[in-house]
Amino acid sequence: DYERNIGNGLGAAPGQLNQPIAVCIDDEKAYLLVADYSNNRVQVFDKNTGLFIRCIGREVNTTDEMNGPRGICICKEANLLFISDRENHRIKIFDNTTYEFI
């Protein structure tokens, strides 16, 4: 039963979304990853409860910063998470267990 909302409305606080543009399900962890375009991050939610888990990426000038993430893909075999970082014209690669930038 997936008749529920994910996210706590419009905003920039953890769990809030601003132009969610893409989603990806990680069935092994029961997570739903959401590309939160205008907040420049990917948010991770529990796919069963809808509860916020964590954010990936920041707006500040760090190695994991993003500007307009638009796509998300998980490679199970390599345990990698790929995020298209549209406005920075690159693909960011993260460890899919720790979500640390590689």
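**View 1. The hairpin of β3 and β4 in the predicted model, with G50 in its connection.** Five residues lie between the two strands of this hairpin, and among them G50 adopts a positive phi near 85°. The strands β3 and β4 themselves are paired in the antiparallel sense over four bridges, and V44 has R54 of β4 as its bridge partner.

**View 2. The hairpin of β2 and β3, with N40 in its connection.** Strand β2, covering residues 31-36, runs antiparallel to strand β3, covering residues 41-46, and six bridges join the two. At one of the paired positions, Y31 stands opposite D46 of β3. Four residues lie between the strands of this hairpin, where N40 takes a positive phi near 55°.

**View 3. The open sheet of four strands.** The strands follow the order β1-β2-β3-β4, and their pairing is antiparallel. Because β1 (20-26) and β4 (52-56) each have a single partner strand, they stand at the edges of the sheet, and one side of each is left without a neighbour there. On average, and with direction ignored, neighbouring strands of this sheet are turned by 20° against each other.

**View 4. The two covered faces of strand β3.** In a regular strand, side chains alternate between the two faces of the sheet. On one side of β3 lie R41, Q43 and F45, on the other V42, V44 and D46, and all of these residues are buried. Since six of the six residues of β3 are buried, this strand is largely enclosed by the rest of the structure.

**View 5. The aromatic pair of F45 and F52.** Two aromatic pairs are found when the whole structure is searched. One of them joins F45 and F52 in an edge-to-face arrangement, with 6.1 Å from centre to centre and 75° between the planes. F45 has a relative accessibility of 1% and therefore counts as buried, whereas F52, with a relative accessible area of 31%, is partly exposed.

**View 6. The aromatic pair of F94 and F101, with K92 over the ring of F101.** The rings of F94 and F101 form an edge-to-face pair, for which the centre-to-centre distance is 5.8 Å and the angle between the planes is 70°. F94 counts as buried at 0% relative accessibility, while F101, at 34% relative accessibility, counts as partly exposed. The ring of F101 also has the charged end of K92 sitting over it, 3.9 Å from the ring centre.

Terms used. Residues numbered from 1 in each chain as written. Predicted model: local features only at pLDDT ≥ 70, side-chain atom pairs only at ≥ 80, totals over all residues. Heavy atoms only, no water. Pairing = 2+ DSSP bridges. Axes fitted to C-alpha atoms, helices over the stretch in contact; angles between N-to-C directions. Buried < 20%, exposed > 50% of the residue type's maximum accessible area, 1.4 Å probe, protein only. Phe/Tyr/Trp six-rings, centres within 6.5 Å; stacked < 30°, edge-to-face > 60°. Lys NZ or Arg CZ within 6 Å of the ring centre and 35° of its normal.
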